[in-house]
Every structure is written in C-alpha cells, then in structure tokens.
Amino acid sequence: MGRPLIRSTDYQGLSLWHDTADDDWAARPALPGPLEVDVAIVGAGYTGLWTAYYLSRVAPDCRIVVLEREVAGFGASGRNGGWCSALFPTASSVLARRHGAAAAVRMARAMRDSVVGVGDAAADESIDAHYDRGGTVVLARSDVQLRRARAAVEEANRLGTDELELLDAGSARGHLAATDVVGGTYTPHCAALHPARLVRGLARAVERRGVTIYENTPARSVAAGTVETAAGRVRADVVVRATEGYTASLAGQRRRLAPVYSLMVATEPLPVDFWSATGLEQRQTFTDGRHLIVYGQRTRDGRIAFGGRGAPYHFGSSVRPEHDHEPAVFAALRATLRELLPALHEARFTHAWGGVLGVPRDWHASVGLDRGSGVAWAGGYVGDGVGTSHLAGQTLADLIAERQSELVTLPWVGHVSPSWEPEPLRWLGVNAGLRAMTLADAEEARTSRPSLLARAMAPLTGGHSPAATERSRY
C-alpha cells in the first residue's frame, strides 16, 4: 500500500502519450511530514487538478494541497483515448426517468460546455494539449447498427440533449473511409487531444496558482478531516477523494468502484496519402456501433491511437502494473483496426499500453460533498472522464466554496451509487458482462437482429444497453 507502483524512471514508457508529452516526468517532492491545510485533494489526475485549479480561482486564500501516489498524470488522465467528449456515462434517457427531462437537458448542456471549457482553459494557461474540436463519428457497419443509430438520433431529438446527425453511407465514409459502412451518426461535441500534455500542463498551472502538489505520497485512507499517509497525517477542513480507478486501494473503499482495464495501441506516423484517402481531416474521434467498445483518434503527429475493452477484471479489484499488458487484447485491437482500415496492413504499430478506469455499480458518475464530514468526491466516469472530470472540478470548487451556482444543482450532484457485490460475485459479474459484449456482437453478425444477450446483460450496465447509449472512451 505504501510503495509507489513503479519506478519514476519508467514513467515515460507508460504509453504513447507519456512518451510524446515533451516532459521529463521528474517527480515533485514527497510530503515531508504531518500537515494542516484547508483542502486536501487525494489524486493528481484530471479530477484532482481541475478541482484545485477552479477552487484556487474562486477561493484564492484557500490553502490547498494535492497528494499523489505516483506523479501527476500517472493514471487514466495521462493515458486515455484523448476524447474530450460531451458523453456522460448515464444515458440521457435514464437521467430523464430518474430526475426529469429538464434535468437531463441541463446535464447535457453542462457537458457540452465542459468540452469547450477544457479547450478554453488550455488556451488560457498556454497548455499545448493538441486540442482540436472535430466531433465524433460513430460508424454503422451493419443494418442492426444502423437501426441503433437511427434510434439514438430519434432519442436525442426527442429529449433535446444532443445535436446528433444521422449519416447515410456516403456521408459516414466522408468522415472515415472504413470498410462495410452503411451509415452512422455525427456530433460536433467532442475534441481530440493529447491527454498527458493536458494533465502535465494543468499540474504546472495549478502550482502557479499557489497549490502544492506532493508526489510519491500514497494515501492509506480518507476520512472526515484527515488523510493518512506514510509521511504522517494531513488534516483539512475538506478532503477530496479524486482517485477514480485506484479508489479500491484506499482502506474501506474496495467495493466503491470496480477497476476495469482498457487497452490501446498506436501506429507509427502515417503518410499524407493515407490521410487523403481515409479522412478525419478535422481529427474527428471515431468508433462504430458494436457492443464491445472500440475508440480511436488521429493524433497531431499523424498516428492512429486506437483502444478498446476486452481485458479482464482482476479478482479483488486488483490494480497492478502487469495488468496493463494483455498481448491477446493488443493483437485483437491491431486486427480490428486493420479490418476497419485495410490500408494499415503494412503499417507498423509502435506503442501498446493499458490502464484502469472506475466503474460504479449503477454506471452513474457522481460528484458531491458531505458537509457533515467534510469529505468530497467525484468519479465513476466509466471511461468518459476527460470532459466529465472538468465539470467535476468546477462543481467541487463551487460546493467547497459554498457558491450557489447552477452546477451544484445538476442531477449527478450528491448521487451515491450502491456498492459492488463482494467477491467472488463481483469477479463473476463484471467478467460475465465483458464477455457477453463480445458474444453479443457475434450474435448480431449471425442473426442480423439486435442481440438478446446484450438486452439480458443490461442490468450489469446500469439498466441500458452499452452499444445504444454508452460509448465510453478510456
């Protein structure tokens, strides 16, 4: 518990993004001993750093520290798919049922604003995050997927939650000239970015605002008014848990979020003639309508970074460096990308990596502050954390500073997800869900009808079909 996960000299090799962040990844000093502050934030990923950033703006006299087990950007914030999207893990239709249509619309608008806000903040702080707001294309590559695409557009129009355009085959191929395309959808509310450049630049911006970041400082537990570390106890009026996929490592939090792995591969920089034939001129992020999620982007230096699910959940919510590498999943990702884009057949793949994301039992991200204990939290993004964490940071800042903004009334504020089942039920359930999505795609290919298996497994994904309403991008 008390040791860093890997040696500091290894950080650059964690992913394509770490390798190309133009950063030496030198660790900041560790916490020297016991400390007393106003706000202690556990986790120097996007959630923790955005919280520190916005809180330092609305409460400039607040004494804020960020405690990080490794270095800022070590986890998902430094190695995700680089989709800054307006996607929220819980479908708008589910939010509308639980909180009303008006609340679902307000949540969708806040997420769209967050996509823009990330780009604005990066520009304000001179962070070269390779941010390009080109939108997202979801390809339909079968009649079943096209029917789902039509249903998604109809739902978005009915609820008023997204500017989602239905594409015919030619228009979809105009975004990305993949194989077997019969249509798709397009939304402008997504930006492709370089996640490690963003998180490292944000850490420096936070420090310029007077916030201290202590790295190589593992937190053992988070409780009312205290964070226990190997270096001593940190006392604070407010303690923020911003640990996402690593939450299970904190005492008493093992069933809070299930750490699920997502893996990625990246090609070498591709020639100009490849892009002229393929598309993605605006750096649109891309996926298709399958159940087992895949996701990709064109990087600023002309690569394709491509990821997907398929790695197993590890018993007891285990998070270990060796889990980042699943050769069979890497091989499947390369094969899937080459099947989508056969022109990649001779292309060299230069990077392969993985990491962990946090999944709540009801797939409902949340943010909140228990004023009685002073413990605040945000997370459960299910892979849609780049834009959502920015909104979380703004919201936590307003909650902590007791600002009566519209953000603190959004439907995810104060939500508490149920705990995951104890082992071995958790291991069986999560892995059954992951396996079912692969089988559901095979079922649809065989029957040309919507998968009955995917429908049956919906209770494991918050009561809705992942392919229909959840396109999370690690």
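**Exercise 1. Describe the second largest pocket of this predicted model: its volume, its lining and its central residues.**

Step 1. Start with volume. The second largest pocket measures about 500 Å³.

Step 2. Count the lining. It has 24 residues. Nearest the centre lie Gln-145, Arg-290, Thr-438, Asp-441 and Ala-442.

Step 3. Find the helices. H6 (143-159), H10 (327-340) and H12 (425-447) each supply at least two lining residues.

Step 4. Sort the lining by class. There are 10 nonpolar, 7 polar and 7 charged residues.

**Exercise 2. Place Gln-145: which element holds it, and is it buried or exposed?**

Step 1. Gln-145 is found in helix H6.

Step 2. Its relative accessible area is 12%. Buried means under 20%, so Gln-145 is buried.

Step 3. List its contacts beyond four places in sequence. They are Leu-139, Ala-140, Asp-288, Gly-289 and Arg-290.

Step 4. Look at Gly-289 in detail. Its backbone nitrogen lies 3.3 Å from a polar side-chain atom of Gln-145.

Step 5. Now take Gly-184. Gln-145 and Gly-184 are 39 residues apart in sequence, and their C-alpha atoms are 8.3 Å apart.

Step 6. Return to two of the contacts. Asp-288 and Arg-290 belong to a salt-bridge network with Arg-141, Asp-180 and Glu-339.

**Exercise 3. Describe the largest cavity: its volume, its lining and the residue classes there.**

Step 1. The structure holds 4 cavities of 30 Å³ or more. The largest has a volume of about 550 Å³.

Step 2. Its lining counts 39 residues. Gly-45, Ala-242, Thr-243, Glu-244 and Tyr-246 are the closest to its centre.

Step 3. Helix H11 gives the largest share of this lining, 3 residues.

Step 4. The classes are 19 nonpolar, 15 polar and 5 charged.

**Exercise 4. Work out which parts of the chain are tied together by the salt bridges Arg-28 to Glu-215 and Glu-421 to Arg-361.**

Step 1. The count for the structure is 23 salt bridges. In the Arg-28 to Glu-215 bridge, the closest N and O atoms are 2.9 Å apart.

Step 2. Arg-28 sits in the loop between H1 and S1, and Glu-215 in the loop between S8 and S9, so the pair ties together parts 187 residues apart in sequence.

Step 3. Check burial. Arg-28 is buried at 14%. Glu-215 is buried at 0%.

Step 4. Glu-421 bridges to Arg-361, with closest N and O atoms 3.1 Å apart. Glu-421 lies in the loop between H11 and H12 and Arg-361 in the loop between S16 and S17, so this pair ties together parts 60 residues apart in sequence.

Step 5. Glu-421 is partly exposed at 27%. Arg-361 is buried at 17%.

Notes:
Residues are numbered from 1 along each chain as its sequence is written. This is a predicted model: local features need pLDDT of at least 70, side-chain atom pairs count only at pLDDT 80 or more; totals for chains, interfaces and linings use all residues. Side-chain values use heavy atoms; hydrogens and water are left out. On a 1 Å grid over the protein atoms alone, a cavity is a set of points where a 1.4 Å probe fits but cannot get out, and a pocket is an open set with protein on both sides within 12 Å along at least five of seven lines; lining residues have an atom within 4 Å of a point. Grid points are joined across faces, edges and corners, and a volume is the space filled by probe spheres set on the points. Helices (H or I, at least four residues) and strands (E, at least two) are DSSP runs, numbered from the N terminus. Ala, Val, Leu, Ile, Met, Phe, Trp, Tyr, Cys and Pro count as nonpolar, Asp, Glu, Lys and Arg as charged, and the others, Gly among them, as polar. Buried means under 20% relative accessible area, exposed over 50%, partly exposed in between (1.4 Å probe, protein chains only). Contact means heavy atoms within 4.5 Å. A polar contact is a pair of N or O atoms within 3.5 Å; within protein, one must be able to donate a hydrogen and the other to accept it, and residues adjacent in sequence count only if both atoms are side-chain atoms. A salt bridge is a side-chain nitrogen of Lys or Arg within 4 Å of a carboxyl oxygen of Asp or Glu.
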